[in-house]
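This report considers how helices pack in one protein chain and how one loop residue is placed beside them.

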Amino acid sequence: MKSDVEKPVTDPASVSAELPAIDFSTFVLSLSTTALYQMGRVADPETGVAIEPNRVIAQQTIDTLEMMRDKTRGNLEPEEAKLMDSLLYELRLQFLESVD
């Protein structure tokens, strides 16, 4: 059965032209934003409403960032290492504050 709703055709080239280049820092920032979202600290960009915090999932995301820091130690540029350490520090603080 054919659907009456037409789906927009998206050219993959135009989508990739709109997205920023992915590098280590961008990836780490994306994961940290995800953790903040999971803690209910950042609103959903489409609705403008923060979700109900899910501390277990947020902790897993923070743990993932920590694992990445440990596995990449000695292989990062100084700016990347500083970014990783700073983000982990801030995420841990936000996580602790979300308990209150």
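What follows describes a predicted model, beginning with a pair of helices and ending with a loop residue.

Helix H2, residues 24-38, packs against helix H4, residues 78-97, at an angle of about 0°, and their axes lie 11 Å apart. Because angles under 35 degrees count as roughly parallel, H2 is roughly parallel to H4. On the side of H2 the contact is formed by Phe24, Ser25, Val28, Leu29, Ser32, Ala35 and Leu36, and on the side of H4 by Glu80, Leu83, Met84, Leu87, Leu91 and Gln94. By class, the residues of this contact are nine nonpolar, three polar and one charged.

H4 itself has 20 residues and spans 29 Å from its first C-alpha to its last, which is close to the 28 Å expected at 1.5 Å a residue. Its residues divide between a buried side and the face turned away from that side, as set out here.

| Set in H4 | Residues |
|---|---|
| Buried | Glu80, Met84, Leu87, Leu88, Leu91, Phe95 |
| Exposed, on the face turned away from the buried side | Pro78, Glu79, Lys82, Leu96 |

The buried residues of H4 cover an arc of only 100° around the axis, and therefore they lie on the same side of H4. Among the elements that cover these buried residues are H2 and helix H3 (55-72).

Arginine 41 sits in the loop between H2 and H3, and because its relative accessibility is 38%, arginine 41 counts as partly exposed. Leaving aside residues up to four places away in sequence, arginine 41 touches Leu36, Gln94, Glu97 and Ser98. Its C-alpha atom is separated by 8.5 Å from that of isoleucine 51, ten residues apart along the chain.

Terms used: Residues are numbered from 1 along each chain as its sequence is written. This is a predicted model: local features need pLDDT of at least 70, side-chain atom pairs count only at pLDDT 80 or more; totals for chains, interfaces and linings use all residues. Side-chain values use heavy atoms; hydrogens and water are left out. Axes are lines fitted to C-alpha atoms, for helices over the stretch in contact, and angles run from 0 to 180 degrees between N-to-C directions. Helices (H or I, at least four residues) and strands (E, at least two) are DSSP runs, numbered from the N terminus. Angles under 35 degrees count as roughly parallel, over 145 as roughly antiparallel, 65 to 115 as roughly perpendicular and the rest as oblique. Contact means heavy atoms within 4.5 Å. Ala, Val, Leu, Ile, Met, Phe, Trp, Tyr, Cys and Pro count as nonpolar, Asp, Glu, Lys and Arg as charged, and the others, Gly among them, as polar. The expected span of a helix is 1.5 Å times one less than its number of residues. Buried means under 20% relative accessible area, exposed over 50%, partly exposed in between (1.4 Å probe, protein chains only). The arc is that of the directions from the helix axis to the C-beta atoms.
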